[in-house]
Structures are given as C-alpha cells and as structure tokens.
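Got your viewer open and your selection syntax warmed up? Here's a stop-by-stop tour; load the model and follow along.

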Amino acid sequence: MEAIGLLVTLEARAGKEADAEAFLRSAQPLALNEKGTLKWYAIKLGPAKFGIFDTFANEGGRNVHLTGEIAKALGARADELFATAPQVEKVEILTSTPLKY
C-alpha cells in the first residue's frame, strides 16, 4: 500500500530542456528495478520545469530509493542539466484511487 512518497521539482538550465527531459525518460528502467518503489512518475510541469513523484509502502523503501541508482544518476548530472539543486520533499499519502482497467 502506498503510504509515503517523494516530490522532486527540477528546473532545467536554459538550452538543456530537451536533455533534462531525455534524462528523466531514461531513468524509468532504473525505477522498475527498485523493489521498494511502488510507483514512479517523471512529469513535465512547464517548458523548463520538471518533476518526479514516487511512492513507497514504508520509510525503508524510500530510503533505499534516495540512495539508489536514480539518485546517483541525478547527482552526477544535476549541475549539467539543472539551474538549481533538485528540491526534494518527503510527502505522506493521505488517500488515492485504485487502478482502473
């Protein structure tokens, strides 16, 4: 059950918008390999503003994610791609809707 999450906002450097978007798209396979990450979303909030929203069942899963491969890749490319440091907020999920098929 999704109980907690992370909301990360990112502002691409001028001229790096396409590279930032490509980087986020490329991280999806890494998220699939994280057992504690229940859902992972890369989102575009505006021409140069992006976000990541992911969910976890517990603090252990979130902590593993914060030190995992996506975090390492983001740290390695943050100065190149983003105008400011990623803004990371720990969130609590109050409620959600079930998946509909």
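Start with helix α4: it gives the second largest pocket three residues, the largest share of that pocket's lining. Helices here (H or I, at least four residues) and strands (E, at least two) are DSSP runs, numbered from the N terminus. A word on what you're looking at: this is a predicted model, where local features need pLDDT of at least 70, side-chain atom pairs count only at pLDDT 80 or more, and totals for chains, interfaces and linings use all residues. Residues are numbered from 1 along each chain as its sequence is written, and side-chain values use heavy atoms, with hydrogens and water left out.

**Stop 1: the second largest pocket**

Select L6, V8, I52, D54, H65, L66, I70, A71, L74, P86 and V88, and you have the lining of the second largest pocket. The elements giving two or more residues to that lining are β1 (4-11), β3, α3 (59-66) and α4 (69-81). The space inside comes to about 160 Å³. Some bookkeeping on how pockets are found: on a 1 Å grid over the protein atoms alone, a cavity is a set of points where a 1.4 Å probe fits but cannot get out, while a pocket is an open set with protein on both sides within 12 Å along at least five of seven lines; lining residues have an atom within 4 Å of a point. Grid points are joined across faces, edges and corners, and a volume is the space filled by probe spheres set on the points.

Colour that lining by class and you get nine nonpolar residues, one polar and one charged. (Nonpolar covers Ala, Val, Leu, Ile, Met, Phe, Trp, Tyr, Cys and Pro; charged covers Asp, Glu, Lys and Arg; the others, Gly among them, are polar.)

**Stop 2: the largest pocket**

Now pick E2, K39, Y41, F53, T55, V91, E92, I93, S96, T97, P98 and L99, which line the largest pocket. Its volume is about 220 Å³. Strands β2, β3 and β4 (87-92) each supply at least two residues of this lining. By class, the lining divides into six nonpolar, three polar and three charged residues.

**Stop 3: strand β3 and its partners**

Show β3 (residues 49-56) with β2 (residues 37-44): the two run antiparallel, joined by seven bridges. (Two strands pair if DSSP finds at least two bridges between them.) They form a hairpin, with four residues between the strands. Label A42 and you'll find I52 of β3 opposite; label W40 and D54 of β3 is the one across from it.

Next, add β1, which pairs with β3 over eight bridges, also in the antiparallel sense. Which residue of β3 is the bridge partner of V8? That's I52.

Colour by accessibility while you're here. Six of the eight residues of β3 are buried, where buried means under 20% relative accessible area, exposed over 50%, and partly exposed in between (1.4 Å probe, protein chains only).

**Stop 4: two buried residues**

Jump to R62, in helix α3. Is R62 buried or exposed? At 5% relative accessibility, R62 counts as buried. Leaving aside neighbours within four places in sequence, R62 is in contact (heavy atoms within 4.5 Å) with I4, G5, L6, F56, K90 and V91. Draw a distance from R62 to G5: their C-alpha atoms are separated by 7.2 Å, with their positions 57 residues apart along the chain.

Then go to A12, in the loop between β1 and α1 (17-26). A12 has 6% relative accessibility and so counts as buried. Not counting residues up to four places away in sequence, A12 touches E17, A20, A48, F50, L81, F82 and A83. For another distance, try A12 to Y41: they are 29 residues apart in sequence and 17 Å apart in space, C-alpha to C-alpha.

**Last stop: zoom out**

Switch to cartoon and count four helices and four strands, in the order β-α-α-β-β-α-α-β along the sequence. The C-alpha trace spans about 40 × 25 × 25 Å along its principal axes. Of the 101 residues, 31% are buried. Among contacts with a separation of 6 or more, 75% are between residues 24 or more positions apart.
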